[in-house]
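Q: I'm new to this one. Could you take me through its aromatic rings, one pair at a time, and tell me what sits around them?

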Amino acid sequence: MSNYNPKEFEKKWQDFWEAKGVFHAKNDFSKPKFYGLIEFPYPSAQGLHVGHPRSYTGMDIIARKRRLEGY
């Protein structure tokens, strides 16, 4: 097994993602709309706790699925 070289490994995948446009947003207004909202965060950002990443992860999964479905 080879050693993990972050400068080489990460650069390889970052270049691949950039070339493929993996994380580029598109404004295609012909697609149907989807709006997902779990909850509004506190305006002051006080009271945030470790439970927030858990609940937001679910919406991230749903949003990704809907995006793959063409929304």
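A: Here is a walk through two of the ring pairs and their surroundings. Keep in mind that this is a predicted model.

The structure holds 4 aromatic pairs. Take Trp17 and Phe23, one of them: the ring centres are 5.6 Å apart and the planes meet at 85 degrees. Planes over 60 degrees apart count as edge-to-face, so that's the label for this pair. As for cover, Trp17 is partly exposed, at 33% relative accessibility, while Phe23 is exposed, with a relative accessible area of 64%.

Now for Phe34 and Tyr71, whose ring centres lie 6.4 Å apart with planes at 70 degrees, so this pair is edge-to-face. This pair links distant parts of the chain. Phe34 sits in the loop between α1 (6-20) and α2 (51-68), and Tyr71 comes in the segment after α2, 37 residues apart. Phe34 is partly exposed, with a relative accessible area of 37%, and Tyr71 is partly exposed too, with 34%. Tyr71 has another neighbour: the charged end of Arg66 sits over its ring, 4.0 Å from the centre.

Back to Trp17 and Phe23, because there's a bit to add about the surface: together with Phe16 and Val22, they make a nonpolar surface patch of about 410 Å². Val22 lies in the loop between α1 and α2, and this residue is partly exposed, with a relative accessible area of 36%.

Conventions
Residues are numbered from 1 along each chain as its sequence is written. This is a predicted model: local features need pLDDT of at least 70, side-chain atom pairs count only at pLDDT 80 or more; totals for chains, interfaces and linings use all residues. Side-chain values use heavy atoms; hydrogens and water are left out. Rings of Phe, Tyr and Trp (its six-membered ring) pair if their centres lie within 6.5 Å; planes under 30 degrees apart count as stacked, over 60 as edge-to-face and the rest as tilted. Buried means under 20% relative accessible area, exposed over 50%, partly exposed in between (1.4 Å probe, protein chains only). Helices (H or I, at least four residues) and strands (E, at least two) are DSSP runs, numbered from the N terminus. A charge sits over a ring if NZ of Lys or CZ of Arg is within 6 Å of the ring centre and within 35 degrees of the ring normal. Patches are made of residues with over 30% relative accessible area and no salt bridge: like charges are joined within 9 Å, nonpolar side chains (Val, Leu, Ile, Met, Phe, Trp, Tyr) within 5 Å. Accessible areas come from the Shrake-Rupley method with a 1.4 Å probe; for residues, only the protein chains shown count as cover. A salt bridge is a side-chain nitrogen of Lys or Arg within 4 Å of a carboxyl oxygen of Asp or Glu.
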